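Thanks for coming. I have one model to go through today, and I will keep it short. Please have a look at the structure first.

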There are 2 protein chains.
Amino acid sequence: MSYERNERYGSDEEMIGDMAEVFRVFGDRTRLLILMALSTKEECVGDLTEELGMTQSAVSHHLTILRQSRLVKTRREGKSIFYSLADDHVEDILNIGLEHINE
Amino acid sequence: MSYERNERYGSDEEMIGDMAEVFRVFGDRTRLLILMALSTKEECVGDLTEELGMTQSAVSHHLTILRQSRLVKTRREGKSIFYSLADDHVEDILNIGLEHINE
DNA sequence: TCAATATATGAACATTTAATCATATATTCA
DNA sequence: TGAATATATGATTAAATGTTCATATATTGA
């Protein structure tokens, strides 16, 4: 395997930086729990908060990070905001991480 | 997809924690560069150090982290220690991260 | 055995990160 | 409009992380 520069990136540095950032976002227990919860169904912030047993604020901060990394997308319905995985890549990454630790 | 408990793990908590830890290790620019360098060939610490343009100490600290996470393995040859990727999973994870940012 | 070379380790420091608390911003419904 | 509910945001703090510097531990060959 060789890691060639992609057209979308002006430099390798930039590409590596983005890659590291994505992995860093996955590298948190709470965010993994959120992503796994969302892998079966979309869910609103309140339900996620209850499920995770942490403060609403903490969950919301993590959701912001996940949103900024484009790993999740949102949909508003009345007062609630429903979160779901942005695309199939997210599950692929979760699965490969799972495979790795279960090797 | 559902994330069921694996036999190897006493609890989901433990499994999630391990997964987060693996991703966290990938979530660093320098470590990604090391892993990518090692994806084509084994390499000793000195060469990696030169290639990365950082101090030998910094590189060594990162290598320790990679070793502890079992992402790389080592082989001594005289005074040099050669590092290489531990298994195919490592490249799989790199590739999927690369795919994600190039989506 | 001693000097030279390659690598690892520990302590210190600066930066980043996650959690919390308080509060702001929607949205609904009476 | 105003109260209630759901979510987001900003400041603060404690803990984790990456780098550096100094030094320790192998290994080789003279």
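I will take the contact between the protein chains, then the salt bridges, then the two DNA strands.

Some conventions before that. This is a predicted model, in which local features need pLDDT of at least 70 and side-chain atom pairs count only at pLDDT 80 or more, while totals for chains, interfaces and linings use all residues. Residues are numbered from 1 along each chain as its sequence is written, chains are lettered from A and ligands numbered from 1 in the order in which they are written, and side-chain values use heavy atoms, with hydrogens and water left out.

Start with the two protein chains. Chain A and chain B each put 40 residues into the contact, where contact means heavy atoms within 4.5 Å. Together they bury about 4100 Å², and 68% of that is on carbon and sulfur atoms. Buried area here is the accessible area, taken with a 1.4 Å probe, that two parts lose on being put together, summed over both.

Across this interface there are 4 residue pairs in polar contact, with both residues at pLDDT 80 or more. A polar contact is a pair of N or O atoms within 3.5 Å; within protein, one must be able to donate a hydrogen and the other to accept it, and residues adjacent in sequence count only if both atoms are side-chain atoms. On the side of chain A that touches chain B, the elements giving two or more residues are α1 (12-26), α2 (29-40) and α5 (88-102) of chain A. The largest share of that side, 13 residues, is from α5(A). Helices (H or I, at least four residues) and strands (E, at least two) are DSSP runs, numbered from the N terminus. By class, that side of chain A has 19 nonpolar, 10 polar and 11 charged residues. Nonpolar covers Ala, Val, Leu, Ile, Met, Phe, Trp, Tyr, Cys and Pro; charged covers Asp, Glu, Lys and Arg; the others, Gly among them, are polar.

Now the salt bridges. Side chains of opposite charge can pair when their charged atoms come close. The rule used is a side-chain nitrogen of Lys or Arg within 4 Å of a carboxyl oxygen of Asp or Glu. Over all chains the structure holds 8 of them, and 2 are between chain A and chain B.

Which side chain does Glu13(B) meet in a salt bridge? The partner is Arg29(A), at 2.9 Å, N to O. Glu13(B) lies in helix α1 (residues 12-26) of chain B and Arg29(A) in helix α2 of chain A, so the pair joins two chains. Glu13(B) is partly exposed at 42% relative accessible area, and Arg29(A) is partly exposed at 35%. The cut-offs are under 20% for buried and over 50% for exposed, with partly exposed in between (1.4 Å probe, protein chains only). Arg29(B) and Glu13(A) also form a salt bridge, at 2.9 Å, N to O.

Within chain A, Glu42(A) and Arg75(A) pair at 2.5 Å, N to O. This pair links distant parts of the chain, 33 residues apart: Glu42(A) is in the loop between α2 and β1 (43-44), and Arg75(A) in strand β2 (residues 72-77). Glu42(A), Arg75(A) and Glu77(A) are linked in a network of salt bridges.

In chain B, Glu43(B) and Lys41(B) meet at 3.5 Å, N to O. Is Glu43(B) buried or exposed? Glu43(B) is buried, with a relative accessible area of 4%, whereas Lys41(B) is partly exposed at 44%.

Last, the DNA. A residue is near a strand if one of its heavy atoms lies within 4 Å of it. DNA strand D has 26 residues around it, and Gly46(A), Ser57(A), Tyr83(A), Ser57(B) and His62(B) come nearest. A polar side-chain atom of Arg31(B) is 2.8 Å from a phosphate oxygen of strand D, and a polar backbone atom of Ile81(A) is 3.2 Å from a phosphate oxygen of that strand. α4(A) gives the most to this surface, with 6 residues.

DNA strand C has 27 residues around it. Two side chains here reach base oxygens: a polar atom of Ser57(B) at 2.7 Å and one of His61(B) at 2.8 Å. α4(B) gives the most to the surface near strand C, with 6 residues. That is the end of my part.
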